[in-house]
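The following exercises are to be worked through with the sequence and the coordinates at hand. Each task is followed by a solution in steps.

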Amino acid sequence: MKNTVKQCPNCHLRTEKEDDFFCSQCGTILEILPNSCEVCKAELGPDMKFCSKCGAKAPSPVQPSQERINRIMADYLYDKGKAINLTNPDASFRCMKKAAELGRNEAIIELGIYYYNQKNYEEAVECFRKTETFARSKYMLGMCYLLGKSDEKDEKEAVKWFKEAAEQGDTISQLELGECYLFGKGVEKDEKEAVKWFKEAAEQGHGTAIYRLREMGVDVSEYKPKQRKWS
Ligand SMILES: [Zn+2]
Ligand SMILES: [Zn+2]
């Protein structure tokens, strides 16, 4: 079995690398050259116009599907957006937005966080709803409802999202949920429930959760605080 040969439809540069999607010379999306005859299945060289066995016309290069192009573009733009994040926030935002439009979930979440930081909760909620299967989006939805308008109805909605993410094992949501129960935010005050969720977060080393438990008179000697990082 020979390797897949890809060719740039623009400048005709060739590559056999599996994970090359763009032409390294001109940036065009590469096409896959056919490697077998459609009629007799004989192997074809990349430059053969006709099958040497049966004489049939060689099939034309395979265009990737629009869906595949979108995915490749979205991945590419997402990585690019990450790479220029610190040096050029405007360019980074444009890349993330484009990648989000092309359906890359992580980019949709990044964009939601951007809107959230701008206090544009409506746009933020839209992004997080689109990606609501992710625990991080559930947590962020909770934060949007908690801080966005913050009436009683929204606090209940916030608790609903924190709970879903907490049950998925999201530490920071477990802490938030515990606090909602402790202070009666969007839910009836319930210290037992608060302790339950603080313990879940404390088990994963969440410092604030351990602090809350200690404050509530719970023995915390078994918990070790851990440096947290976003995943
Ligand atoms: Zn090219
Ligand atoms: Zn043939």
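**Exercise 1. Helix 9 and the segment after it**

Helix 9 is followed by G217, a residue with a positive phi, near 80°. The model is a predicted one.

Task: Determine which residues of helix 9 are buried, and state what they pack against.

Solution.
Step 1. Helix 9 comprises residues 207-215, and its buried residues include A209, I210, R212 and L213.
Step 2. These residues cover an arc of only 160° around the axis, which places them on the same side of helix 9.
Step 3. The packing partners of the buried residues of helix 9 are helix 7 (171-183) and helix 8 (191-203).
Step 4. One residue to inspect here is F198. Leaving aside neighbours within four places in sequence, F198 is in contact with L175, G178, A209, R212 and L213.

Task: Classify Y223 as buried or exposed, and identify which residues it touches beyond its sequence neighbours.

Solution.
Step 1. Y223 is located in the segment after helix 9.
Step 2. The cut-off for a buried residue is 20 or more other C-beta atoms within 10 Å. Y223 has 21 C-beta neighbours inside 10 Å and therefore counts as buried.
Step 3. Not counting residues up to four places away in sequence, Y223 touches A202, E203 and I210.
Step 4. For the pair Y223 and I210, the separation is 13 residues in sequence and 7.1 Å in space, C-alpha to C-alpha.

**Exercise 2. The nonpolar core and helix 4**

Task: Describe the largest nonpolar core: how many residues does it have, and which have the most contacts inside it?

Solution.
Step 1. The largest nonpolar core has 45 residues.
Step 2. The residues with the most contacts inside this core are A99, A107, C144, F162 and F198.
Step 3. The element that gives the most to this core is helix 5 (residues 135-148), with eight residues.
Step 4. At least three residues of this core come from each of domain 2 (65-131) and domain 3 (132-231).

Task: Establish where the buried residues of helix 4 lie around its axis.

Solution.
Step 1. In helix 4 (residues 121-130), the buried residues include Y121, A124, C127 and F128.
Step 2. Viewed down the axis of helix 4, its buried residues fall within an arc of 120°, so they line one face of the helix.
Step 3. Helix 3 (105-117) and helix 5 are among the elements that cover the buried residues of helix 4.

**Exercise 3. The sheet and the loops**

Task: Give the strand order and the sense of pairing in the sheet.

Solution.
Step 1. Three strands form an open sheet in the order 2-1-3, with antiparallel pairing.
Step 2. Strand 2 (14-15) and strand 3 (31-32) are the edge strands, each pairing on one side only.
Step 3. Strand 1 (residues 6-7) pairs with strand 3 over two bridges, in the antiparallel sense. The bridge partner of K6 in strand 3 is I32.

Task: Examine the phi values of H12 and K41, and decide whether each residue is buried or exposed.

Solution.
Step 1. Most residues other than glycine have a negative phi.
Step 2. H12 has a positive phi, near 65°, and is found in the loop between strand 1 and strand 2.
Step 3. K41 has a positive phi, near 65°, and is placed in the loop between strand 3 and helix 1.
Step 4. The cut-off for an exposed residue is 12 or fewer other C-beta atoms within 10 Å. H12 has 10 such atoms and is therefore exposed. K41 has 11 C-beta neighbours inside 10 Å and so counts as exposed.

**Exercise 4. The chain as a whole**

Task: Decide whether the protein chain is spread out or compact relative to the globule rule.

Solution.
Step 1. The protein chain has nine helices and three strands, which run β-β-β-α-α-α-α-α-α-α-α-α from the N terminus on.
Step 2. The radius of gyration of the protein chain is 26 Å, well over the 17 Å that the globule rule gives for 231 residues, so the chain is more spread out than a compact globule.
Step 3. The C-alpha trace spans about 85 × 35 × 35 Å along its principal axes.
Step 4. The protein chain is divided into domain 1 (1-63), domain 2 (65-131) and domain 3 (132-231). The C-alpha centres of domain 1 and domain 2 are 33 Å apart.
Step 5. Buried residues make up 32% of the 231 residues.

Key: Residues are numbered from 1 along each chain as its sequence is written. Chains are lettered from A and ligands numbered from 1 in the order in which they are written. This is a predicted model: local features need pLDDT of at least 70, side-chain atom pairs count only at pLDDT 80 or more; totals for chains, interfaces and linings use all residues. A nonpolar core is a set of buried Ala, Val, Leu, Ile, Met, Phe, Trp, Tyr and Cys residues joined through C-beta atoms within 7 Å. Helices (H or I, at least four residues) and strands (E, at least two) are DSSP runs, numbered from the N terminus. Domain bounds come from an automatic or database domain assignment. Two residues are in contact if their C-beta atoms, placed from the backbone, lie within 7 Å. Two strands pair if DSSP finds at least two bridges between them. The radius of gyration is taken over C-alpha atoms; the globule rule is 2.2 Å times the number of residues to the power 0.38. The arc is that of the directions from the helix axis to the C-beta atoms.
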